[in-house]
Amino acid sequence: MELVLITGMSGSGKSVALHALEDAGFYCVDNLPPELLLDFVALEKKHHASRIAIAMDVRSASSLPLVPKQLEQLRKDGVSIKSLFLDASTGTLVRRYSETRRKHPLSQKSAGQESTDERRALVDAIELERTMLMDMREPSHIIDSSLLRSAQLQAYVKNLVASLADQLTLVFESFSYKRGVPSNADYVFDVRMLPNPHYEDSLRNLTGKDAPVAEFLKAQAPVQDMLEHLSGFLKHWLPAMAQDHRSYVTVAIGCTGGQHRSVYLVECLSQRFSTQWATLTRHRELDSRSIS
């Protein structure tokens, strides 16, 4: 049996993630009380279910501490488990709640409060939620949905659960520093000091996935030095991370626009490491553009 456990911040996209898994053939349950987890899995085994996805959140805060030992027991029973934690910046969550006019599960605001007090109460509720979910976040693969559209988030979730269950998966992600550093990254590398194809008229509107840009960057000694240094670092440390039972390692590479240098290096690294590890590639800015 394959079990995907989804936790995370309220408003971060857990429902979107569940919908993606339902489309992928999982039997999905939202807001299952942790006290019922073992019994529910046992019941689904009797029904010969092979893929289930469960969402838990702060509404079950008092019993969430039970979950780590339950997951350990399920693993001993042969269940393959992937834990995903959906996150987003506080500003993003405040905006989403303001747009939908939903009430945060931990919000204590009253109808007579002024708007500034309401915002403060919402921010306090969000930060309290972060603290309460910290132990759930630590062992999970984190997806930062702050800058992701629903279609991107669904694609990321489907790709993650499709990766090999019992092998460390490398996630290489390119991004633009103009739009912020991905909070889900285990390693972040800044390559803005490298030669920039943006200043070549014939390359400006292309990306690091296009052959002319790749040829240009391949001819630049600093770019190849960076590629070798990043490769050497990862080759040295990945075996230790795998021995530490890590399921996913996210390596984020950023340049100014997230279009040329970071994209090229992500593609190169993914190709190099795909022979030994399961690899996934994300191009945050290009992926966003492709569905706009």
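The angles quoted in these legends run from 0 to 180 degrees between N-to-C directions, and the axes behind them are lines fitted to C-alpha atoms, for helices over the stretch in contact. The views are all taken from a predicted model.

**Figure 1. Helix 9 and helix 10 against the four-stranded sheet.** Helix 9, spanning residues 221–243, lies across strand 6 (169–176), strand 7 and strand 8. With respect to strand 7, this helix runs at about 170°. Helix 10 (residues 261–273) also packs on the sheet, where strand 6, strand 8 and strand 9 are the strands touched. The direction of helix 10 makes about 170° with that of strand 6.

**Figure 2. Strand order in the sheet of strands 6 to 9.** Four strands are arranged as an open sheet in the order 7-8-6-9, with parallel pairing. Strand 7 (187–190) and strand 9 (278–283) are the edge strands, each of which pairs on one side only. From one strand to the next, the twist averages 20°. Four bridges join strand 7 to strand 8 (residues 248–255) in the parallel sense. Within this pairing, Val188 has Ala252 of strand 8 as its bridge partner.

**Figure 3. The five-stranded open sheet and its edges.** Here the strands follow the order 2-3-1-4-5, and the pairing is parallel. Strand 2 (27–30) and strand 5 (141–144) stand at the edges; each has a single partner strand, so one side of each is left without a neighbour in the sheet. The average twist from one strand to the next is 20°.

**Figure 4. Pairing of strand 1 with strand 3, and the helices packed on this sheet.** Strand 1 (residues 2–8) pairs with strand 3 (residues 51–55) over five bridges in the parallel sense. Opposite Leu5 stands Ile54 of strand 3. Helix 1 (residues 14–23) packs on the sheet and touches strand 1, strand 2, strand 3 and strand 4 (80–87). The direction of helix 1 makes about 165° with that of strand 1. Helix 2 (residues 37–46) packs on the sheet as well, touching strand 2 and strand 3, and its direction makes about 160° with that of strand 3.

**Figure 5. The largest pocket.** This pocket holds about 820 Å³ of space. Its lining comprises 36 residues, and those closest to the centre are Pro139, Ser140, His245, Arg246 and Ser247. Two or more lining residues come from each of strand 1, helix 3 (67–76), strand 4, helix 6 (134–137), strand 5 and strand 8. By class, the lining of the largest pocket contains 15 nonpolar, 11 polar and 10 charged residues.

**Figure 6. The second largest pocket.** The volume of this pocket is about 440 Å³. Of its 20 lining residues, Gly11, Ser12, Gly13, Lys14 and Arg102 lie nearest the centre. Helix 1, helix 4 (90–100) and helix 7 (150–162) each contribute at least two residues to the lining. The lining of the second largest pocket divides into five nonpolar, eight polar and seven charged residues.

**Figure 7. Prediction confidence, with residues 109–114 in view.** The average pLDDT of the protein is 90, and 95% of the residues score at least 70. Over residues 109–114, however, the pLDDT is below 50. Beyond near neighbours in sequence, this stretch has four contacts in the model.

Definitions and conventions: Residues are numbered from 1 along each chain as its sequence is written. This is a predicted model: local features need pLDDT of at least 70, side-chain atom pairs count only at pLDDT 80 or more; totals for chains, interfaces and linings use all residues. Side-chain values use heavy atoms; hydrogens and water are left out. pLDDT is the predictor's confidence in each residue, from 0 to 100. Contact means heavy atoms within 4.5 Å. Two strands pair if DSSP finds at least two bridges between them. On a 1 Å grid over the protein atoms alone, a cavity is a set of points where a 1.4 Å probe fits but cannot get out, and a pocket is an open set with protein on both sides within 12 Å along at least five of seven lines; lining residues have an atom within 4 Å of a point. Grid points are joined across faces, edges and corners, and a volume is the space filled by probe spheres set on the points. Ala, Val, Leu, Ile, Met, Phe, Trp, Tyr, Cys and Pro count as nonpolar, Asp, Glu, Lys and Arg as charged, and the others, Gly among them, as polar.
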